[in-house]
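Good morning, colleagues. Please look at the sequence and the structure on the screen while I describe how some of the strands and helices are arranged.

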Amino acid sequence: MTDGVIGSLRASPLVDRPRMPGSPASDFAAQSRHFLFISAPFGPFARMLGDQLIRSGSACTRVVVNGGDLIDWGVRDTAFYFGPGRGWRDWLEALIRERVITDVVTYGDSSPYSVTALKLGEALGLRLHVFEQGYFRPDWVTLEEGGVNANSRLPRDPQWYRDRADHASAGAAEKVGRTTPSAVGRITRYHTAMYFGLPIFPRYRAPYHHPAFLQAMGHVWRFATQHLASAKQQLRQEALIASGQTLYLVLLQRPGDSQLWRHSDFEDTEGFLGKVVSSFAAHADENAFLLVRPHPLDHGLDPHERVLAKLARREGVAGRVHYVDHGKLHELLPAIRGAVCVNSTAGLAAVEFGCPTAVLGRAIYDMPGLTHQGGLDSFWQSAQTPDASLYTAFRNVQMATTQVNGAYATPRGRQLAVQEAARRLLGADRDAVSVVSAFPNTEEHRRVG
């Protein structure tokens, strides 16, 4: 943040220099850095990171808007917001001025609280840090300045990555262990606390398309039925692969994912599937098959299989479109002619595998040489194969600039991620990793050309 902005905040009549109980960094105006956590991954990661930053001499505050935030973070270094959504921006601006905030930290950049915080922080000249799941999972998490995924400040220019590849090293990743069991436990704990905290935070509204308790029930039901139907799904998938016919794979987003409603032109999964099935029916070979695979964390509340069957009948391809929910992605990719997605890490995995991939949303990896650029209708007949050397350059630069070895869910993963994330947040390697500084954050520069 510029000296002028810091000075204006310190001179503001709103600065009353409150003290945070239990924090050694309590004189806000005297601290060179004050990190404001707006949202965070489920579990203790943010609290551990905040403690590390405090030990390094910075101040930290976590905004608490529900019981889940409180149980994950605790009562130290907090600012409670009990108001409605319409009052959030004014309250947040007052907090930023009162506590002389220099840095805003969010998990993702699409929730209503985070969107407002990032826009306000940008207007005030603050540093903006956005965490997200790793682009290259499971042993990495994402930390970018300003935004992630479609909002990333890194360009979509292949040559930009090639020019920097020799100076960027992916490095070896330490393994973080199985993340799913721990993640499920943390998510359950958070949402349980969120519901028990409703009497304290009565105005809080979760930004979900389905209530959290329904999603939890959906996950349990899907887990049970998925295992019951596993043999049938496996036989169907094996028969399709053994047929020797051309197979295309459609990778669905998790229902309610912001990649759909924020970073694509589709409002929901049905809209995405409608476009794909229609194009497949009109332009793919009549002997080709379309396999549709749900997201691993799909809660099962949306009737994808029923919707897919309806669309296939409407387009006259009912016998050539199949819903498959079985096995590992890497086991299926060798048999696939091409993959279609909105914007997902599974799509990036397909690119890594060398599988032609069409992206229908706005993805950080959607660029010439990595993904098909000719439009969906041409994809079925002349899909463009990823350039392996460009993928290596892209991956190495991303690793050096946006990826942190670790995980949010496992103890080992958190230990790894906290140390490196704190180092990057404090700017110890700002010159080394901020390759973005030579490339302005404009839509013109993020596009090719």
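Let us begin with one pair of residues: L291 stands opposite H322 in strand 9. I should say at once that this is a predicted model. The pair belongs to the contact between strand 8 and strand 9, residues 321-323, and these two strands pair in the parallel sense over 3 bridges. Strand 8 also pairs with strand 7, residues 247-251, again in the parallel sense, and here there are 5 bridges. In that pairing, V250 has V292 of strand 8 as its bridge partner.

Is strand 8 enclosed or open to the outside? Strand 8 spans residues 289-293, and 5 of its 5 residues are buried, so the strand is largely enclosed by the rest of the structure. As a general rule, side chains in a regular strand alternate between the two faces of the sheet. In strand 8, F289, L291 and R293 point one way, while L290 and V292 point the other way. All of these residues are buried, and R293 is among them.

I now turn to the open sheet of 7 strands. Its order is 3-2-1-4-5-6-12, and the pairing is mixed. The edges are formed by strand 3, residues 78-80, and strand 12, residues 403-405, each of which pairs on one side only. On average, neighbouring strands of this sheet are turned by 25° against each other, with direction ignored. Strand 12 is joined to strand 6, residues 140-145, by 3 bridges, and the two run antiparallel. Within this pairing, the bridge partner of T142 is Q403 in strand 12.

Helix 2, residues 45-55, packs on the sheet. Helix 2 touches strand 1 (34-37), strand 2 (59-64) and strand 5 (127-133), and its direction makes about 170° with that of strand 1.

Finally, let us consider a pair of helices. How are helix 4 and helix 5 oriented to each other? Helix 4 covers residues 88-98 and helix 5 covers residues 112-123; they pack at an angle of about 50°, and their axes are 10 Å apart. The two helices are therefore oblique to each other. Their crossing is right-handed. Helix 4 contributes W88, R89, L92, E93 and I96, which meet P112, Y113, T116, A117 and L120 of helix 5. By character, the residues of this contact comprise 7 nonpolar, 1 polar and 2 charged.

Notes
Residues numbered from 1 in each chain as written. Predicted model: local features only at pLDDT ≥ 70, side-chain atom pairs only at ≥ 80, totals over all residues. Heavy atoms only, no water. Axes fitted to C-alpha atoms, helices over the stretch in contact; angles between N-to-C directions. Helix = DSSP H or I, 4+ residues; strand = E, 2+ residues; numbered from the N terminus. Parallel < 35°, antiparallel > 145°, perpendicular 65-115°, else oblique. Left-handed = near helix turned anticlockwise from the far one by under 90°. Contact = heavy atoms within 4.5 Å. Nonpolar A, V, L, I, M, F, W, Y, C, P; charged D, E, K, R; others polar. Buried < 20%, exposed > 50% of the residue type's maximum accessible area, 1.4 Å probe, protein only. Pairing = 2+ DSSP bridges.
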